[in-house]
Structure formats: C-alpha cells, structure tokens
There are 2 protein chains.
Amino acid sequence: MEELDDRKIKILDAIIRTYLETGEPVGSRTISKYTDLNLSSATIRNEMSDLEELGYIVQPHTSAGRIPSDKGYRFYVDHLLLNKEKEISDMKEFVIEHTERMEQVLKQVAKMLAQTTNYATMITTPKSTGGKVKFVQLSLVDEAQLLAVIVMDGNLVKNKIIPLNQELDNETLLKLNILLNSTLNGLSIPEINLGTISRLKEQAGEYSDIVGIVLDGVAETISREELEIYTSGATNIFKYPELSDTQKASELIYALEEKQQLASLVTESLQNENTGIQVYIGDESPIQTMKDCSVVTATYELGDGMKGSVGIIGPKRMDYEKVMGHLKDLTSQLDSIFKKPT
Amino acid sequence: MEELDDRKIKILDAIIRTYLETGEPVGSRTISKYTDLNLSSATIRNEMSDLEELGYIVQPHTSAGRIPSDKGYRFYVDHLLLNKEKEISDMKEFVIEHTERMEQVLKQVAKMLAQTTNYATMITTPKSTGGKVKFVQLSLVDEAQLLAVIVMDGNLVKNKIIPLNQELDNETLLKLNILLNSTLNGLSIPEINLGTISRLKEQAGEYSDIVGIVLDGVAETISREELEIYTSGATNIFKYPELSDTQKASELIYALEEKQQLASLVTESLQNENTGIQVYIGDESPIQTMKDCSVVTATYELGDGMKGSVGIIGPKRMDYEKVMGHLKDLTSQLDSIFKKPT
DNA sequence: TGTTAGCACTCACTTCTTTGGAGTGCTAAT
DNA sequence: ATTAGCACTCCAAAGAAGTGAGTGCTAACA
C-alpha cells in the first residue's frame with residue numbers, strides 16, 4: 001500500500017477540519033471549494049475514493065459524504081497537528097485566588113475546564129507514587145479512641161480514628177509519637193515494609209501490641225489509595241448530536257458518574273512515561289462505552305513524585321488543537337498551585 | 001364544589017396506581033376491568049369526567065386516557081398511601097460491614113438507594129446544627145506550618161494547615177493545646193462567639209497574637225459549612241420515557257451534577273420540622289428544572305443535633321409507597337451507623 | 001496522463017396522507 | 001343510577017412521494 005502523497009494529505013486535512021466544525025459528513029464539492037489547490041469535485045472524489053480505500057475516511061452509508069475514521073483522526077493528531085504555543089489561558093486569574101483545599105481546587109479545575117472546552121472533563125487527586133511521610137501524630141480523642149493524623153509531602157493530610165481496647169496513658173502516647181515520627185518520617189509508602197514494622201514493634205517493648213494496632217491503622221491510612229476522581233460537564237455531551245441519543249448518552253454519563261471505570265483510563269495514562277499528553281481515539285480507549293468518543297488525558301506532577309491525571313472526554317471530532325493546548329497550560333499551572341502552600 | 005365520594009376515591013386510586021405502573025394515559029375500559037366494584041366503562045367515564053372537573057386528573061389531549069394531575073398525586077400521597085410497615089430492607093446487610101469514613105458511607109448509601117429504587121438519589125453530609133467540639137489539637141508540621149485538627153461530635157474530623165510567621169516552641173504549643181481544649185471542648189459553633197475568643201486571647205498572654213491567628217483558622221475550619229451533597233443514579237432517569245427527551249434529561253442531569261441547586265431543596269426540607277418525609281410534586285419543588293419530577297426527601301438525625309437529608313428524584317409517577325418505605329428505613333438505619341463508631 | 005464535466009443512481013430526510021385504534025361524550029334503553 | 005351503542009376526535013405508526021446531497025463511472029479534454 002502506497003503512502004499518502006502531498007495532495008492526499010491536504011485533502012484529508014481539509015476533510016477532517018471541516019468535519020470537526022460541522023459534525024456532518026463532508027462531500028467532495030465542499031472540499032473542492034475549501035482547499036487552496038483548485039480542484040474540481042470530481043478529482044476530489046477520486047482522491048477521496050483512494051483515501052477511503054486506505055482507511056483514513058469512511059462513508060456512514062452509500063452516497064453520503066465522508067467522515068474521518070479512527071485511523072484518520074489518529075493521523076490528524078499525530079502529523080497534522082502542529083503544536084503551536086498557546087497564549088496563557090484565563091486559568092491564570094483563577095490561580096491567583098486559589099481556594100483552600102485540594103479537593104475544592106480540583107473540582108473547580110474540572111468545572112472550569114468543562115466550561116471553557118464544552119466537553120466532559122475529569123481530574124484525579126495526585127497519586128502518591130513515592131509521597132513521603134512528613135509528620136505523624138497520635139492523640140487521644142477519648143478513652144477508647146485514638147486519632148492518627150498523618151501529613152504527607154505536599155501537605156496532604158490524612159486521618160483515621162483507631163479504636164482502642166486497652167488504656168493508654170499520656171506518657172506512653174508521647175513516647176509512641178516520638179517513636180513513630182522518628183521512624184516513619186521521610187519514608188515513602190513502599191519503604192514502610194514489614195521490616196520497618198517489626199523493628200518498630202521491637203522498640204516499643206511492652207507496648208508492642210498497641211504499636212501493632214496503631215501501625216496497622218497508620219499503614220492502612222497511608223496506603224489507602226484515595227484516588228478520587230472528579231468529573232464535570234457531563235451534560236456537555238448533549239451538545240454533540242452524534243453522542244446524544246438516549247442510549248449512548250446514558251451510558252456515557254453513567255461512566256462519568258460511576259467513576260471507577262475511569263480509573264482504568266487514569267492508571268493507563270499515568271503509566272505512560274512520555275510527553276504527558278495522551279490521545280485515545282474511539283476504540284483505542286480502554287473504556288468500552290467511550291468507543292464513540294475521544295479521550296485526551298494529561299499528567300500533572302507535583303514534583304514530589306505525586307502524579308495526577310486530567311482528562312477531557314468529547315466526540316471524536318473534538319477540537320484537538322484547543323484541547324491539547326488547554327491541557328498543556330493546565331498541567332503546568334496545577335504544578336504551581338500546589339507547590340506553594342497558601 | 002362537592003367532595004369526593006367513596007366510589008370516586010376508589011376510581012382515582014385505580015387510575016393513579018395503573019398510571020404509576022404503565023406511564024401511559026389510562027382509559028375507562030382499563031379501569032372498569034381493574035376495580036373490584038364492577039362497573040362498565042361508561043360509568044367510569046362519567047366519574048372520570050367528574051374527577052377531571054374537580055382537577056384530580058387531566059387529559060393530555062382530547063380522546064386520550066387520563067393521567068393524574070399534581071393535585072391528584074397530592075391526594076394520593078396524602079390520603080391513599082397508607083404507610084404499611086415495610087419489611088427490613090436489604091440495607092441491613094450493608095450496615096454490618098460499614099465502611100470507614102462518612103464520606104464513603106454516604107456515597108454508598110446514595111448508590112444503593114439509587115440501585116434499589118431505580119431513581120436518582122441525593123444525600124447530604126449531616127449539617128452540624130449544634131455539633132460540638134470534642135477535641136482540638138495543634139501540632140507543628142515544620143517550622144513554618146501549624147496543623148490544626150478538630151474532632152467534632154460524631155467523629156467528624158476537620159483539619160487545616162495554618163502558616164506561621166513566628167517561631168513557636170514546643171512548650172508553648174503544649175500550653176496552647178491545653179488552653180484550646182479546655183476552653184473549646186463541648187462548645188457548639190454558635191457558642192464560640194467573640195466573647196470566648198477575646199477571653200482566650202487574654203489568657204494566652206504574650207501569645208495572644210498567635211492565638212488570634214490560630215483561632216481564626218479554627219473558627220473558619222469549624223464553621224466551614226461543608227454541606228456536601230452526593231448524588232447517584234442520575235442515569236436512572238433515562239428509564240422513564242417522559243423524562244428522557246434530550247432537553248429535559250440534560251437539564252435534570254445538570255442539576256444533579258451541579259449540586260448547588262439541590263442545596264435549596266435540602267435547606268427547605270431540613271427546616272421543615274414535621275415527620276421528616278417531604279414530598280414535592282412537580283411545581284411544588286423549589287427547583288424549576290424538576291417541575292416534571294417528584295422529589296421525596298427525608299431527614300436523618302444523628303442525635304447530636306446533626307441533621308442531614310436524603311432525597312429521591314424521579315418521575316411524578318414514582319412508586320411513592322416503596323420510596324417512602326425505603327427512606328423511612330434508611331433514615332433510622334443511618335442513625336445507628338453513625339452512632340456507634342467502628 | 002492527470003483533470004474535469006456530465007449523468008445516472010443511491011439513499012437519508014422531510015412532508016403529506018392514510019389508516020387503525022384507543023378513548024371520549026352523548027343519547028337512549030334498561 | 002347504570003349501561004350499551006354509536007359517532008366523533010385525535011394520536012401514532014405506516015406508507016408514499018418528492019428533494020437534494022453525494023457518489024461512481026465514463027468520456028472528453030489539455
């Protein structure tokens with residue numbers, strides 16, 4: 001199979017761009033008017049015929065115009081999309097008055113992104129790949145309950161209430177605190193292994209029992225993968241007729257509501273080490289229900305090895321150029337938001 | 001206008017019940033077969049004509065069957081629905097292995113409820129009307145940052161990182177902790193007023209500055225009304241044709257996604273002091289976009305004056321009987337979940 | 001040899017009409 | 001007071017027909 005010559009590329013580009021705008025199958029006459037190379041519709045038809053044979057475009061039915069196939073979109077994203085640097089987004093203003101808590105920020109970000117792009121969006125909390133314990137504190141809430149507070153790098157605060165079945169006096173508590181802090185401080189999760197734990201228990205002497213319980217609690221708390229996923233703009237999909245028939249819309253929104261499915265997307269995109277922007281077109285997406293969509297994900301990083309993921313879900317004919325620009329902006333800005341605490 | 005006689009009531013009841021099942025306008029023949037009183041369709045027609053004149057049912061168009069009007073539904077809910085005690089719901093099993101954190105529990109509850117009822121659901125975090133401070137703890141995370149952890153009644157843990165602009169030695173910290181705890185312990189939010197604060201500052205002596213900052217932080221943290229709303233089952237509305245045309249569905253789901261609109265519902269239903277179950281039919285709902293729906297809300301209470309709200313959003317022809325049963329069960333069970341900590 | 005004009009053909013969409021059926025209201029008989 | 005019967009209404013589903021955008025193919029042209 002021979003490759004695409006220059007003219008074919010131009011025509012393919014024109015087809016895709018037009019389709020991105022209109023969402024309607026595009027015919028030969030439209031293209032013959034659109035392109036700078038002056039060609040009659042008949043010629044375009046011949047070329048289109050070739051392009052179809054090569055698998056870049058398809059006809060929804062005989063005697064309709066052509067629409068890009070997944071392969072076509074892929075070609076478009078890979079070759080036709082020159083990443084011109086985008087102007088600084090309006091996100092900037094928002095960054096200034098940054099809200100308090102990470103959760104809020106993330107929700108806000110998802111919302112803004114959805115509003116500016118008109119697609120559905122998702123964002124995850126940063127996953128502590130190698131996040132380190134910064135501070136641990138145990139305190140007695142009342143006789144029977146112990147509160148463990150753990151602060152991770154990046155000021156991620158976790159807490160857990162641990163029920164006690166034996167008394168614990170203040171002095172012991174103090175000792176435990178010192179012990180825990182000096183031992184755990186600076187360790188990342190994978191570094192807190194069985195060895196560390198048994199050593200700790202040993203050092204605790206007569207309190208090894210309680211240390212055991214507490215450590216279990218602490219460990220569970222730390223490793224509790226709070227991969228929260230926030231979504232926004234689900235209803236944006238109704239703006240695209242090709243997605244808004246009841247069946248598809250329902251499935252899509254369900255997927256966005258039941259975040260768990262999205263997790264697979266996230267993990268996949270996080271694993272990917274390269275540039276950070278990932279484009280899934282149609283069937284490429286790990287989520288079946290999104291086979292009629294495109295998903296663009298980006299990874300943001302908090303320096304400490306904390307990585308999170310932002311994603312945009314839209315129709316295949318999404319404005320890849322704009323979306324990728326936005327995401328690029330966003331990820332770099334998220335960085336700066338979280339780096340410096342309030 | 002004369003009142004409904006016995007037979008009219010029976011017929012109205014039959015009409016509504018049938019309509020609840022089918023979702024289609026119901027005609028006279030159907031009813032004539034349905035009811036135990038053996039009447040011909042003609043008689044039913046006469047009665048229906050009366051019922052329509054009285055405003056309990058309407059015709060979508062001439063020569064279609066009748067469907068209940070809002071007034072009809074209202075009558076049904078108020079008089080025809082005898083609240084027979086329901087069997088203990090399957091919720092029970094779930095209660096046993098109760099998940100850790102309140103947030104999780106609430107999300108789960110919303111989800112379960114949505115699954116069992118096939119309607120959209122929402123649930124709020126309990127609002128601390130009079131929630132009391134149980135425990136306060138300040139600790140130094142590093143030189144420049146102070147972590148304040150506050151445990152409220154019902155083991156609601158809040159935390160905030162407070163930036164410091166002066167050094168703070170351990171001894172002082174200890175004192176502050178004791179001071180804060182002894183003063184704030186057992187107080188509810190409205191009880192922490194300016195008087196308390198100034199008294200505290202006084203007692204802090206040379207550290208009144210820092211106490212000021214900390215108190216501000218604490219106060220803000222406590223009063224930060226985290227009225228979170230969780231929703232689930234939004235896509236259930238697609239199961240009801242009368243709600244699932246693109247326009248309506250989109251608006252509805254949007255309302256469920258952008259929780260803020262729901263807040264008005266919640267506050268309204270929380271204010272209502274009576275039985276706890278509230279039914280909004282059509283236009284009765286404070287939310288405009290839900291004028292084609294019915295909303296049933298219930299209040300759950302955590303004893304300590306913490307009140308939250310659960311709601312079900314569905315078509316007007318929802319199964320009020322089942323829904324109200326479920327809600328009644330649920331609220332009483334939520335109580336027991338939160339009462340006894342793990 | 002690449003390009004183009006022309007033509008017959010396809011097929012989704014829209015609009016209009018037809019038809020069937022469910023349902024009503026009214027009247028006259030029981 | 002109840003019911004059978006009938007004419008009438010109106011929605012909804014099913015055809016029927018016209019429209020137009022688009023294609024593929026062939027033959028002519030530079």
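A residue is near a molecule or strand here if its C-beta atom, placed from the backbone, lies within 6 Å of it. Keep in mind that this is a predicted model: local features need pLDDT of at least 70, side-chain atom pairs count only at pLDDT 80 or more, and totals for chains, interfaces and linings use all residues. Residues are numbered from 1 along each chain as its sequence is written, while chains are lettered from A and ligands numbered from 1 in the order in which they are written.

**The DNA side**

Start with DNA strand D: 21 residues surround it, and the closest are Gly27(A), Ser28(A), Thr43(B), Thr62(B) and Ser63(B). DNA strand C also has 21 residues around it, with Thr43(A), His61(A), Ser63(A), Gly27(B) and Ser28(B) coming nearest.

Which helix gives the most to the surface near DNA strand C? That's α3(B), with four residues. For DNA strand D, the largest share, four residues, comes from α3(A). (Helices are DSSP runs of H or I, at least four residues, and strands are runs of E, at least two, numbered from the N terminus.) At least two residues each also come from α2 (28–34) of chain B on the strand C surface and from α2 (28–34) of chain A on the strand D surface.

Here is the make-up by class, where Ala, Val, Leu, Ile, Met, Phe, Trp, Tyr, Cys and Pro count as nonpolar, Asp, Glu, Lys and Arg as charged, and the others, Gly among them, as polar.

| Surface | Nonpolar | Polar | Charged |
|---|---|---|---|
| near DNA strand C | five residues | 13 residues | three residues |
| near DNA strand D | six residues | twelve residues | three residues |

**Where the chains meet**

Next, the protein–protein side: 25 residues of chain A are in contact with 24 residues of chain B, contact meaning C-beta atoms, placed from the backbone, within 7 Å. On chain A, β5 (133–142), β6 (145–152), β7 (156–163) and α10 (246–257) each supply at least two residues of that side. By class, it has 13 nonpolar, ten polar and two charged residues.

**How the copies relate**

Chain A can be laid on chain B with an RMSD of 0.5 Å by a turn of 179 degrees and a shift of 0.0 Å along the axis, using least squares on C-alpha atoms of residues with pLDDT of at least 70 in both. The two copies are therefore related as by a two-fold rotation axis. The same surface serves both, as 96% of the contact residues of chain A recur in chain B. Of the residues of chain A, Thr246(A) comes closest to the axis, at 3.7 Å (C-alpha).

**Chain A itself**

Chain A has twelve helices and eleven strands.

Methods. Two residues are in contact if their C-beta atoms, placed from the backbone, lie within 7 Å.
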